[in-house]
Amino acid sequence: MKLKSLNDRSDLQGRKLLTKRFAQYQKLMAELNQLEFQESIIGFINQKTDFLNAVSINDNRFGKYLRSALVQIIDTLEKELQLVPKNHYQNKYLALGLVFGVPFGFIFATILDQMAFIGIGLPIGMSIGIAIGASMDKKAAREGRQLEVEAFY
């Protein structure tokens with residue numbers, strides 16, 4: 001079974017983010033067509049593509065549906081096949097670093113007894129998250145588990 005592609009949409013002109021996500025979806029489908037994997041995953045991806053093809057472009061929710069389909073497909077590929085797009089882990093761990101940076105900043109500010117330093121934890125957590133994510137992305141690239149499509153959500 002082969003992966004389906006999105007119908008060509010000429011109505012996207014003037015919508016930068018929507019055009020970018022649409023192009024990313026098409027790139028992902030083109031790259032996945034070159035790989036061999038289970039029929040269940042192909043069926044799942046084709047189901048998402050069929051749904052997107054059925055949605056009217058005039059519907060403002062098309063962008064949300066497109067983003068949701070991209071996230072679900074990337075999550076499925078990560079869980080089932082350990083395939084990830086470029087910078088996937090870096091983006092993921094950046095957010096995680098921010099979450100852990102806030103308490104770190106609070107602890108730092110409490111120790112120094114100066115609440116002005118509470119914001120120092122955000123850049124520290126962010127940089128640690130980026131560093132961990134970048135190392136995981138490099139590891140995925142070395143192991144051949146990285147797709148050539150760059151992830152943005």
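In which loop is D113 found? Keep that in mind as you open the viewer; we will come back to it. Note before starting that this is a predicted model.

**Stop 1: two helices side by side**

Select residues 39-54, helix α2, together with residues 62-81, helix α3. Their axes lie 10 Å apart and pack at an angle of about 175°. Angles over 145 degrees count as roughly antiparallel, and α2 and α3 are therefore roughly antiparallel to each other.

Now show the side chains where the two helices meet. From α2, pick I41, F44, I45, K48, F51 and L52. Their partners in α3 are F62, Y65, L66, A69, Q72, I73, T76, L77, E80 and L81. Colour this contact by residue type and you will find 12 nonpolar, two polar and two charged residues.

**Stop 2: the aromatic pairs**

The model holds two aromatic pairs. Zoom in on F51 and Y65, which form an edge-to-face pair with 5.1 Å centre to centre and 75° between the planes. F51 sits in helix α2 and Y65 in helix α3, 14 residues apart, so to speak a link between distant parts of the chain. Turn on a surface and compare the two rings with the solvent: F51 counts as partly exposed because its relative accessibility is 44%. Y65, at 27% relative accessibility, is partly exposed too.

Next, select F108 and F117. Their ring centres are 6.1 Å apart and their planes stand at 80°, so this pair is edge-to-face. F108 is partly exposed, with a relative accessible area of 32%, and F117 is partly exposed at 37%.

**Stop 3: the nonpolar core**

In soluble globular proteins, nonpolar side chains tend to be buried together. To see this model's largest nonpolar core, a set of 25 residues, begin with the ones that have the most contacts inside it: Y25, L28, M29, L32, I45, F62 and L66. Helices α1 (16-33), α2 and α3 and strand β2 (146-150) each supply at least two residues of the core. The largest share, seven residues, comes from α3.

Centre the view on I45, which you met at the first stop as part of the α2 side of the helix contact. Beyond its neighbours within four places in sequence, I45 touches L3, Y25, M29, L32, F37 and I73.

**Stop 4: a buried glutamate**

Is E78 buried or exposed? Select this residue in helix α3 and look: with a relative accessible area of 16%, E78 is buried. Show what surrounds the residue as well. Leaving aside neighbours within four places in sequence, E78 is in contact with L83, V84, H88, Y89 and K92.

**Stop 5: two loop residues with positive phi**

Move along to Q82, in the loop between α3 and β1 (84-86). Q82 is not a glycine, yet its phi is positive, near 60°. At 38% relative accessibility, Q82 counts as partly exposed.

Then jump to D113, which brings us back to the opening question: D113 is found in the loop between α4 and α5 (121-142). D113 is another residue other than glycine with a positive phi, about 55°. With a relative accessible area of 68%, D113 is exposed.

**Last stop: V102 and L122**

Finish by selecting V102, in helix α4 (residues 88-112), and draw a distance from its C-alpha to that of L122. The two residues are 20 apart in sequence, and their C-alpha atoms are 5.8 Å apart in space. V102 counts as partly exposed, at 47% relative accessibility.

Methods: Residues are numbered from 1 along each chain as its sequence is written. This is a predicted model: local features need pLDDT of at least 70, side-chain atom pairs count only at pLDDT 80 or more; totals for chains, interfaces and linings use all residues. Side-chain values use heavy atoms; hydrogens and water are left out. Helices (H or I, at least four residues) and strands (E, at least two) are DSSP runs, numbered from the N terminus. Buried means under 20% relative accessible area, exposed over 50%, partly exposed in between (1.4 Å probe, protein chains only). Axes are lines fitted to C-alpha atoms, for helices over the stretch in contact, and angles run from 0 to 180 degrees between N-to-C directions. Angles under 35 degrees count as roughly parallel, over 145 as roughly antiparallel, 65 to 115 as roughly perpendicular and the rest as oblique. Contact means heavy atoms within 4.5 Å. Ala, Val, Leu, Ile, Met, Phe, Trp, Tyr, Cys and Pro count as nonpolar, Asp, Glu, Lys and Arg as charged, and the others, Gly among them, as polar. Rings of Phe, Tyr and Trp (its six-membered ring) pair if their centres lie within 6.5 Å; planes under 30 degrees apart count as stacked, over 60 as edge-to-face and the rest as tilted. A nonpolar core is a set of buried Ala, Val, Leu, Ile, Met, Phe, Trp, Tyr and Cys residues joined through side-chain atoms within 4.5 Å.
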